[in-house]
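Me: I have some basic questions about this structure. Please answer them briskly, with the reasoning spelled out.
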There are 2 protein chains.
Amino acid sequence: MPGVTSSDVARAAGVSRTTVSYVLNDTPGASVSEATRARIHAAAARLGYAPSAAARTLRRGRSDLVVCVLPDWPTGPVVDSVLDHLTDVLAARGLFVLVHHHRGSRDLADLWRAVTPRAVVGLAPFSAADVAAMERAGIQVVGAAQPADDDAFDRSQRGIAALQVDHLAAAGHERLAVATTDDARLSRFADLRVAGARDACARRGLRPPLRTVVRPDEAATRAVRDWHGQGVTGVVAYNDDLALAVVAGAREAGLTVPGRLAVIGVDDAPAGRVASPPLTTVAQPVGPQSDHLAASVLAALDGVVAPPWPHDPARVVVRGSA
Amino acid sequence: MPGVTSSDVARAAGVSRTTVSYVLNDTPGASVSEATRARIHAAAARLGYAPSAAARTLRRGRSDLVVCVLPDWPTGPVVDSVLDHLTDVLAARGLFVLVHHHRGSRDLADLWRAVTPRAVVGLAPFSAADVAAMERAGIQVVGAAQPADDDAFDRSQRGIAALQVDHLAAAGHERLAVATTDDARLSRFADLRVAGARDACARRGLRPPLRTVVRPDEAATRAVRDWHGQGVTGVVAYNDDLALAVVAGAREAGLTVPGRLAVIGVDDAPAGRVASPPLTTVAQPVGPQSDHLAASVLAALDGVVAPPWPHDPARVVVRGSA
DNA sequence: CTGAAAGCGCTTACAG
DNA sequence: CTGAAAGCGCTTACAG
């Protein structure tokens, strides 16, 4: 039987809706006898009463929902951890996290016709128009929406590439290449990494790195031959999948890794650990990122200023490939 | 200014709330002059009016929201595709998909206090109690909730293992091992796979396969030595990461792949394609799965009987490791 | 200690 | 062709 309302519970328990509401919500100031409380709880359970979220939200003027907008990125363990942590932290405040996979197909504004979140958390920056619309609707906007956070994001991506270049340069490599992706969903990251590598090379007085698109699912043999012809001895890969494809290319081309070609990836993926040689890579501990996002959301909810982006926790894990 | 209501728009446009509602919702029977329509749209845009989702839902008795409950699985490209497709298909009906990462920490029933979905889609089966509570609340329940779908899920997981065993057996391997995981989040899959492999071996008159837990992030050297001592020549791995760890173990143990040890994975992951030797694996095209889920949701929404699970599309991709 | 009543913002018969 | 009014289910001052 769909549609058990608080009136039904009140009738079954022989009290008014007011009392039902007080008891079921544990309203602080309400003094209701233990006997009555028990009767109400029993009636609610027996009838399978579930309060109407819509009515609650309408009446209170705010919901217990936080919507997290996920950009069109390939999902993986990092996003999982960040979301799980956010869900846990907000659960402690009685809030629920729901994730919206925003694939650009539809206008974000349409979403607010279907749901009224207390706050919206973006993993990537929103457009200025979207931010304005949300704030006009009284929705708290958190995440990479502010220019400040944007800068932190940019710095962190460039920093990863700098770490890779520095590792290679410290080992004496002077001519580098960047193995990048042309996956459109990743372009924001990829472009920042290329820029970061270029800057890092410039800082060390090295020539700008060659930029080459590599596919994760086939050996990058041609790229390796091409690099070899141009004197490249070190490769900065966008991630471990691409690094593995470069190592495979080197194998095909008959170049030993790291002897003739050093390769460094990003992600510290399992496949890299068991590869031959094991992949040198950049690991990004997810804890600090998760903590920062959760803290930012809490700060926004409390109207407090957000904490600063944590000192960047990425670090090189030296294994066999560079 | 948070809180622009339809009254504000009505006042600004010099009409009643009724007319505003008719125009903004494009209500079929409403005959409103073009001039009035234009005035209303202009006023709404100027004021930045966003209708209250809670009020709409309360009044209409149903929302435009579909909540997809994601079990505690590691997210990856498959889940991404399925969700994206579902989002697209439901968008065509004016419905929005929001994903709830259900990490078991919290009672599902609490969620309905925060949101009133039109339907709930489960990627894994719900408990009987959860299903009962949702139906009592008038929520459509779709997905692996029914025993029928459960069977299809089981069959499909066992079928993958059978495919692996059959491939190995056809190549003459008689003593097999299963490389499995002890990741608790994956136990439902892993157990079904082990059972499927055991059955497939029995069908072919082979001895039951050895079951060995392997970690994805280190070479499975000890497991390989152990298997070798027991005459194992073929390994069925839970996924490509594990298969790669087995291949690495064989390398350490001095056994050639596939000569002395044949290995077959699942997933057709990029890292497997560029490995040496390239990994033989089982690929599961995601299209049919996505289509089936979307069709099931649509069927539930229309009160029609759900389509049957598609004939299982998993297939062996033969490369170098088995 | 408990209940009657107002009102959150919307949609939709219904009356004009 | 347009508007006044009811009511969705809840919470919360307020009155008793």
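Reply: Start with a definition: a residue is near a strand if its C-beta atom, placed from the backbone, lies within 6 Å of it. And keep in mind that this is a predicted model.

Me: What makes A:T5 a residue near DNA strand D?

Reply: The cut-off is 6 Å from the C-beta atom. A:T5 is one of the 28 residues around DNA strand D. Therefore its C-beta atom lies within 6 Å of that strand. A:T5, A:S6, A:S21, A:A55 and B:S31 come nearest.

Me: Which elements give two or more residues to that surface?

Reply: Helix 2 and helix 4 of chain A do, together with helix 2 and helix 4 of chain B.

Me: Which residues come nearest to DNA strand C?

Reply: A:S16, A:S31, B:T5, B:S6 and B:A55 come nearest, out of 28 around DNA strand C. Here too, helix 2 (17–25) and helix 4 (53–60) of chain A and of chain B each give two or more residues.

Me: Why does B:A55 count as nonpolar there?

Reply: Ala is on the nonpolar list, so B:A55 belongs to that class. The surface near DNA strand C has eight nonpolar, 14 polar and six charged residues.

Me: Why are strand 9 and strand 10 of chain A called a pair?

Reply: Pairing needs at least two bridges. Strand 9 (residues 280–283) and strand 10 of chain A have three, so they pair. They run antiparallel. In one of the bridges, A:A283 has A:R315 as its partner.

Me: What makes strand 10 of chain A an edge strand?

Reply: Strand 10 (315–317) pairs on one side only, and so does strand 6 (210–213), the other edge. The open sheet holds six strands in the order 6-5-7-8-9-10, with mixed pairing. From one strand to the next, the twist averages 25 degrees.

Me: How do you know that helix 9 of chain A runs almost opposite to strand 5 of chain A?

Reply: Angles go from 0 to 180 degrees between N-to-C directions. Helix 9 (residues 187–203) makes about 175 degrees with strand 5 (176–180), so the two directions are nearly opposite. Helix 11 (residues 240–253) of chain A also packs on the sheet, at about 160 degrees to strand 8 (262–266).

Me: How do you know that chain A is not a compact globule?

Reply: Compare two values. A compact globule of 322 residues would have a radius of gyration near 20 Å, but chain A has 27 Å. The C-alpha trace spans about 85 × 40 × 35 Å along its principal axes.

Me: What makes a residue of chain A buried?

Reply: It needs 20 or more other C-beta atoms within 10 Å of its own. In chain A, 43% of the 322 residues count as buried.

Note on methods: Residues are numbered from 1 along each chain as its sequence is written. Chains are lettered from A and ligands numbered from 1 in the order in which they are written. This is a predicted model: local features need pLDDT of at least 70, side-chain atom pairs count only at pLDDT 80 or more; totals for chains, interfaces and linings use all residues. Helices (H or I, at least four residues) and strands (E, at least two) are DSSP runs, numbered from the N terminus. Two residues are in contact if their C-beta atoms, placed from the backbone, lie within 7 Å. The radius of gyration is taken over C-alpha atoms; the globule rule is 2.2 Å times the number of residues to the power 0.38. A residue is buried if 20 or more other C-beta atoms lie within 10 Å of its own, exposed if 12 or fewer, and partly exposed in between; C-beta atoms are placed from the backbone.
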